[in-house]
Structures are given as structure tokens and as C-alpha cells.
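Below are some comments on the model, set out as numbered points. Please read them with the sequence and the coordinates at hand.

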Amino acid sequence: MFQKLKQHRFLFEELVKRDFKKKYKRTILGMGWSILSPLLQLAVMTLVFTQFFGRNTPHYIIYIFCGNLVFSFFSDATKGGMGTIMGNAGIFTKVNVPKYLFLLSRNVQALINFGLILIVFFAFVAADGLPFTWKFFCLIYPIVGLILFNVGLGMILSALFVFFRDIQYLYDVFTMLLMYMSAIFYNIDGYPQMTQNLFLLNPIYLFICYFREIVIESTVPSGWFHLLMAGWVVSVLGLGCWMYKKYNTRFLYYV
Amino acid sequence: MSILEVHDVSIRYMTGDFKQIGLKEYVMRRLTRNYHVVEFWADRHISFSLEKGEMLGIIGTNGAGKSTLLKVVSGIMEPTRGWVKRQGNIAALLELGSGFDGDLTVRENTYLRGAMLGYTRKFMDETYKQIIDFAELKEFEDRPFKQLSSGMKSRLAFSIASLVRPDILILDEVLSVGDGAFRKKSETKMREIITGGATTILVSHSIQQVREMCSKILWLHKGNQVTFGDDVEGICDQYQAMLDGKLKLDANGKIVG
């Protein structure tokens with residue numbers, strides 16, 4: 001795979017460039033929106049929810065920001081990734097290129113966005129007076145995990161999208177549901193232990209939780225917490241790769 | 001040692017209900033056993049081989065399986081049965097005009113297309129000016145691609161593609177594009193590439209062109225191989241006779257009477 005990636009490097013770079021240019025076409029602020037829109041979201045959420053949940057959650061702004069940071073990367077990468085096979089049908093039906101290039105290029109774009117917001121996030125953390133410790137390096141684990149998770153889910157979605165266009169509407173509903181289930185703006189400490197455990201089945205919640213533990217509480221999550229995350233990433237990525245391999249030659253018939 | 005060998009290739013093509021229907025409809029049809037996928041053989045038992053520098057013309061009426069065969073030869077599709085062996089790199093120029101992005105500028109599209117054809121960035125930097133000059137699009141460089149006329153689009157497509165130096169070149173009806181003056185220019189350029197030593201496969205509806213240029217002929221009819229050989233004139237005469245209605249082919253592509 002890496003051999004192929006090297007061989008198609010120029011194409012890959014051009015695809016990344018294309019995705020970028022198309023995204024910010026006819027916007028005055030251009031990339032500024034990547035930073036501005038999550039900040040606006042954060043402002044709205046803080047404004048609305050501080051009354052309800054803010055009082056008993058310390059560092060509430062950072063608490064929400066962790067949630068938003070992870071969730072917006074996740075939803076940007078996967079929603080954008082869904083259309084990548086369909087959208088590039090004009091290319092792969094004419095030239096023999098690996099189809100994951102399109103998905104990866106879209107993911108690179110989402111990753112750059114995420115990187116920008118991450119910088120703003122750290123600025124907020126500093127402004128809030130939270131200490132930067134060596135434990136911050138542990139954040140590499142959930143970040144890499146999330147990247148792979150996004151790619152895996154993007155593979156599954158983009159393959160399904162070729163067969164059933166309904167997926168986009170179903171997925172919209174699903175992500176909305178997932179957002180409310182990820183404890184982005186509320187705290188689950190008040191729930192019974194049983195309910196709290198149910199949250200651990202949500203991979204996005206795990207990623208958010210990891211960020212919060214490191215940044216706000218300055219503790220490294222337990223070993224099994226790491227394993228649980230790895231389990232999600234491996235199974236989703238595995239399923240995605242399997243689908244791409246299985247349907248690789250069949251996409252052609254559906255576009 | 002052949003540079004390209006196609007051995008007993010059969011390709012099953014799928015078409016039918018699945019293309020336009022959504023999830024609900026799919027489940028409904030599955031439940032009512034009303035779900036139909038039509039599978040047909042777009043190509044059956046095609047075999048041929050080419051040596052270095054040879055030029056193959058593929059002829060046949062619409063729906064003969066020419067384009068599908070080219071997709072398999074270029075590796076975009078996998079053959080259902082049989083195998084294809086290629087020596088060296090391959091460039092397929094299929095339906096040149098499509099696959100551009102209307103929102104990107106001419107320059108960006110040029111680079112993207114170059115990348116698709118497997119050029120390197122260095123190569124594109126060096127030849128970019130040459131491409132634009134050849135396509136006569138100097139003053140349109142930074143315009144969005146969708147603002148170009150269709151003639152300009154195909155001119156650009158041709159100019160980029162004409163730089164390929166592959167071992168195997170596949171041409172699907174792209175020998176000449178554009179208006180009078182450009183047509184001449186593009187034909188000359190194409191001949192240059194072909195005479196440059198590449199093994200070439202040409203699909204053309206112009207028998208004249210095939211007679212002039214090709215050293216081997218593959219005749220397909222409804223997915224069957226009617227004949228393959230180097231008797232260019234003879235096969236073309238027969239094909240012409242069939243087009244004129246003087247010669248009939250049966251369902252398996254055998255010549256009857």
C-alpha cells in the first residue's frame with residue numbers, strides 16, 4: 001500500500017489541493033471559517049448551557065471545547081468522506097488509481113482543519129489557567145486513534161453510499177443522535193453507574209473523555225480504556241478495508 | 001516475448017435495478033422477489049497478443065464490447081475469467097473530455113489531469129507552458145474550467161494526454177479533436193507518439209484511419225471475437241461488407257454466408 005501511495009504521491013497532493021480549493025471557493029474568510037465556525041458553536045453552547053450544566057462542571061468552557069473539538073473533526077471527516085467514491089467516479093472509471101486516495105485526501109483536509117482548531121484549543125487551555133504537563137503528549141494516542149477511526153468509518157460510509165444514497169440522510173440522523181449521546185455539553189457523573197457504563201460503548205465519547213481527563217484532570221486514563229479505544233479503531237478500520245477490498249471492482253457498475 | 005497478452009478474457013457486466021433505487025425500494029424488491037440484476041457477458045473468450053511497436057485497431061459496431069475490453073486491458077476493471085499480462089507502463093486515454101473539475105481553473109485542472117495520467121510534478125512544471133501553448137489557451141489559464149467552450153476543453157485534454165510516453169498506449173476515439181486547424185495539429189502529434197515506438201491500441205469508427213495506421217486488427221461483434229490477425233485490408237473489407245449488409249454474423253460472431 002505504501003509503495004502505491006508513493007507512486008501516486010503527485011496525484012494525492014493534487015487531490016488534497018483540489019479538495020481545499022473547492023471547500024473555500026467564494027468565501028471571503030477562506031480558511032478563517034475553519035477556526036471561526038467551531039468558535040461560534042462553542043460560544044452558542046456556552047451561552048445556552050452554562051445555566052444548566054455549567055455550575056457543577058469545573059472549567060466548563062474547556063469541557064465543552066473538548067467535546068466540540070473531537071466531534072467536529074469526526075463529523076467533518078466522515079460526512080465529507082462519504083461522498084468521495086461517488087464524487088470521483090469521473091476519475092477512477094478512466095484511470096486505474098487506488099480508490100482510497102480520494103478518501104484519504106478528504107481526510108487530510110479534515111485533519112488540517114482539526115489541527116488549526118487544536119491550536120486555538122490550547123490557547124484556550126492556557127487562558128483558562130490549566131497547567132500544561134508532560135501528560136499532554138498522551139493526546140497523540142486519541143488523535144491518531146481518531147484519524148484511523150475516521151478513515152475506517154469513511155471507507156464504510158463511502159462504500160455504502162455508492163450502493164444506497166439513503167445513507168446520507170440516515171447518517172445525518174445518526175450523527176445528531178450520537179452528538180447528544182456523547183456528553184458534549186453535559187456531565188454524566190449524576191447518572192447511575194449502569195448508565196455511565198453505557199456511554200463507554202460510544203467510541204466518540206471515549207475520545208472526548210480521554211481529552212478531558214488529560215487536559216482538565218491531568219490524569220492518564222487506565223489501560224483498559226486504551227484497549228477499548230484501540231478495539232473500536234481496529235474493528236472499524238478492519239471492516240472498512242475489507243469492504244474496499246471486496247467491492248473494489250464492483251463500484252464501477254454502480255456509478 | 002509479447003508486451004501485452006490477453007488470454008481468453010471474458011467479462012461479465014452487471015446492470016439492472018440496483019442503479020437507481022434506494023434502500024427502501026431495495027428491501028421491498030428483495031422481499032417481493034422482484035429484484036433483478038441483469039448480468040451479461042460484455043466480452044467472451046477474447047485472446048490476442050501484441051509485440052513491441054505494433055498497432056492494434058479494434059473495430060466493431062456499438063455494443064461490441066470494445067470499451068469494456070479496453071477498461072480491462074488498462075486495469076480499471078478485472079476480467080471475470082482469463083487474464084491480462086502487461087509489460088511496462090500503460091496509459092489509457094478514454095473519453096478525454098470528461099473527468100475535469102468545472103470549479104477549478106485551467107491551470108489546476110491541467111496539473112490534476114497530469115497527475116491522473118501518472119506524470120511527475122517535475123515533468124508538469126517543465127511542460128506546463130508547452131501544454132497551454134499547444135492547446136492555445138494562454139489567456140484562459142486562470143479561468144474556471146467550466147467557462148471554456150467544449151472545443152477548448154477537448155483541446156486541453158488532448159494537449160495534456162499527448163505528452164504521454166508509455167510502453168502501451170490505449171486510444172479510444174481520441175485521434176483528432178477540435179476544429180480544422182487544431183485537428184491537423186493533433187493528428188500529427190498523435191502520429192508522432194505512435195511512431196515513437198509505443199505499442200498502441202486504437203478504437204475507431206473510422207475504417208479509413210484503421211486501414212492507414214494499424215498493423216493488426218481485432219474485430220468484435222456483440223462481445224464475441226470475430227477475428228484477430230494482421231490481414232488489415234482483408235478484415236477491413238469484410239467488416240465494411242458487414243456494415244453494408246452484404247455479410248451476416250450469427251450470435252456467436254461467426255460469419256455466415
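1. I begin with strand β6 of chain B, bearing in mind that this is a predicted model. The strand is mostly covered, since 5 of its 5 residues are buried. Ile168(B), Ile170(B) and Asp172(B) point one way from β6(B), while Leu169(B) and Leu171(B) point the other way, and all of these residues are buried. The charged side chain at Asp172(B) is therefore counted among the buried positions by the criterion of 20 or more other C-beta atoms within 10 Å.

2. Strand β6(B), residues 168-172, pairs with strand β5(B), residues 90-93, in the parallel sense over 4 bridges. Within this pairing, Ala91(B) stands opposite Leu169(B), and Leu93(B) has Leu171(B) as its bridge partner. Both faces of β5(B) are covered as well, with Ile90(B) and Ala92(B) buried on one side and Ala91(B) and Leu93(B) buried on the other.

3. Strand β6(B) is also joined to strand β7(B), residues 199-203, by 5 bridges, and these two strands run parallel. Here the bridge partner of Ile168(B) is Thr199(B) in β7(B).

4. Elsewhere in chain B, helix α8(B), residues 232-243, has 12 residues and reaches 16 Å from its first C-alpha to its last, which is close to the 16 Å expected at 1.5 Å a residue. Just after this helix, Gly245(B) takes a positive phi of about 85°.

5. Turning to the contact between the chains, chain B contributes 25 residues and chain A contributes 20 residues. On the side of chain B that touches chain A, the elements that give two or more residues are α1(B), residues 23-31, and α3(B), residues 106-116. Of the elements on that side, α3(B) gives the most, with 5 residues. By class, the residues of chain B that touch chain A divide into 12 nonpolar, 6 polar and 7 charged.

6. In chain A, the axes of helix α4(A), residues 60-82, and helix α7(A), residues 100-127, come within 9 Å and cross at roughly 170°. That angle makes α4(A) roughly antiparallel to α7(A). The contact is made from the α4(A) side by residues including Ile61(A), Ile62(A), Phe65(A), Leu69(A) and Phe73(A), and from the α7(A) side by residues including Phe114(A), Ile117(A), Leu118(A), Phe121(A) and Phe124(A). Asp76(A) of α4(A) and Arg106(A) of α7(A) also take part. By class, this helix contact has 14 nonpolar, 4 polar and 2 charged residues.

7. How far apart are the end C-alpha atoms of helix α2(A), residues 9-23? They are 21 Å apart, which agrees with the 21 Å that its 15 residues should span at 1.5 Å a residue. The buried residues of α2(A) are Phe10(A), Leu11(A), Phe12(A), Glu14(A), Leu15(A) and Arg18(A).

8. A last comment concerns Tyr171(A), which has its place in helix α9(A), residues 167-181. Is this residue buried or partly exposed? Tyr171(A) is partly exposed because it has 19 other C-beta atoms within 10 Å, whereas 20 or more would be needed for a residue to count as buried. Not counting residues up to four places away in sequence, Tyr171(A) touches Met82(A) and Leu157(A). Tyr171(A) and Phe122(A) are 49 residues apart in sequence, and their C-alpha atoms are 31 Å apart in space.

Notes. Residues are numbered from 1 along each chain as its sequence is written. Chains are lettered from A and ligands numbered from 1 in the order in which they are written. This is a predicted model: local features need pLDDT of at least 70, side-chain atom pairs count only at pLDDT 80 or more; totals for chains, interfaces and linings use all residues. Axes are lines fitted to C-alpha atoms, for helices over the stretch in contact, and angles run from 0 to 180 degrees between N-to-C directions. Angles under 35 degrees count as roughly parallel, over 145 as roughly antiparallel, 65 to 115 as roughly perpendicular and the rest as oblique. Two residues are in contact if their C-beta atoms, placed from the backbone, lie within 7 Å. Ala, Val, Leu, Ile, Met, Phe, Trp, Tyr, Cys and Pro count as nonpolar, Asp, Glu, Lys and Arg as charged, and the others, Gly among them, as polar. The expected span of a helix is 1.5 Å times one less than its number of residues. A residue is buried if 20 or more other C-beta atoms lie within 10 Å of its own, exposed if 12 or fewer, and partly exposed in between; C-beta atoms are placed from the backbone. Two strands pair if DSSP finds at least two bridges between them.
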